[in-house]
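Visitor: I have not looked at this chain before; could you walk me through it, one step at a time?

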Amino acid sequence: MTPYRVPLAARLVDSLANQAPHLPDAAVDGDLLDPDVNRAYQALRATAIGAEDLWAHCKSMLDGVYLDGFVIIEAAPLLDLGPEHGPRAATALLTWLATPLNVLDATPLWKPLGTDPEQVTSTGYQPFQIDIVNATRPPDYLAQWCLRPDPRGGGHTLISHLRRAVLRLDDEERRLLTDRAFTHGDFAGLRGVGDEYRPFPVLDGREHRDGFVRFDARILPGMDSREAHTSAARALEREVIAGQRRFLLARGDLIVINQHVCAHGRERLGPDQATVHDDEHRMLHQMFLRARRGSTHTSLGLARR
Ligand SMILES: [Fe+2]
């Protein structure tokens, strides 16, 4: 078994399939999953056969000593439970790791990440980033569930270990990246992610349990190329690319990424997207997650506000 890929045991799928119809809807209370729903979903971990093994594997991949910072759960059998029970079972599974976080009012917890061939940006290369980089508390984890891969074979997921990339920089580059010299886009309407951080440092000097490497390569084209901070950020981008891992998400693959450790990106989709039928485009659903208070090594305790 490839360590970062983890299958769902048949008996665990059976447990989730049996329980999903009896679970409450994934209602949100403010920015986080409703506490009663969260409790009901988490309780499954104690009773579902194989849940503890899956949880332990995912936690060690995401937060443990090997620190890959991501894991891919092969969750196609949950997709097969249908549009109501499938997402509910997947959400329940994710609550074992952290608390679902909804950063925008009036949007679904699972946000569709479709592709629109009319918009070049949605089919092109997506450079390395952590999501909501310009917040004091970006989401701790990001989950993406592949409902449909690109029928033209493109759109490979890219993951790179930010902490290792930073270690390959020289001291002066690292020093420049601790300056509050970087800005990114809009913050309006976001909740559950702290305050707007503007300007922000790329390196906040904190370790991976609570700090971030606030890197989003989309800020680079707007920066002054003669400026030392730009050069340092470009050096980090080179190291992030040098360390990248690349793979195609298959139907049902559910990738969970620790944003304290890894940046994500995506290769361009395959050719001739305009001729792909509307309901055959690549489709991912995305959800943010907030780590629980105290330790990233426990799934118990109160959600951090
Ligand atoms: Fe993203």
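**A guided look at the chain**

Guide: The chain holds 9 helices and 13 strands, where helices (H or I, at least four residues) and strands (E, at least two) are DSSP runs numbered from the N terminus. The model is predicted, so local features need pLDDT of at least 70 and side-chain atom pairs count only at pLDDT 80 or more, whereas totals for chains, interfaces and linings use all residues. Residues are numbered from 1 along each chain as its sequence is written.

Visitor: What is the radius of gyration of the chain?

Guide: The radius of gyration is taken over C-alpha atoms, and the globule rule is 2.2 Å times the number of residues to the power 0.38. For 305 residues that rule gives 19 Å, and the chain comes close to it, so the chain is as compact as a globular protein of that length. The radius of gyration of the chain is 19 Å.

Visitor: In which order do the 4 strands of the open sheet stand?

Guide: Two strands pair if DSSP finds at least two bridges between them. The pairing in this open sheet is antiparallel, and its edge strands, each pairing on one side only, are strand 7 (126–129) and strand 10 (245–247). The order of the 4 strands is 7-12-9-10.

Visitor: How many bridges join strand 9 to strand 10?

Guide: Strand 9 covers residues 157–161 and runs antiparallel to strand 10. Thr-157 stands opposite Phe-247 in strand 10, while Leu-158 has Arg-246 as its bridge partner there. The number of bridges joining strand 9 to strand 10 is 3.

Visitor: Which residue of strand 12 is the bridge partner of Ser-160?

Guide: Strand 9 also pairs in the antiparallel sense with strand 12 (residues 262–266), over 5 bridges. Within strand 12, the bridge partner of Ser-160 is Ala-263.

Visitor: How many residues of strand 9 are buried?

Guide: A residue is buried if 20 or more other C-beta atoms, placed from the backbone, lie within 10 Å of its own. Thr-157, Ile-159 and His-161 on one side of strand 9 are buried, as are Leu-158 and Ser-160 on the other. Strand 9 is largely enclosed by the rest of the structure, because the buried residues number 5 of the 5.

Visitor: How many residues of helix 5 are buried?

Guide: Helix 5 spans residues 82–95 and is mostly covered. Its buried residues include Gly-86, Arg-88 and Leu-93. Of the 14 residues of helix 5, the number buried is 10.

Terms used: The expected span of a helix is 1.5 Å times one less than its number of residues. A residue is buried if 20 or more other C-beta atoms lie within 10 Å of its own, exposed if 12 or fewer, and partly exposed in between; C-beta atoms are placed from the backbone.
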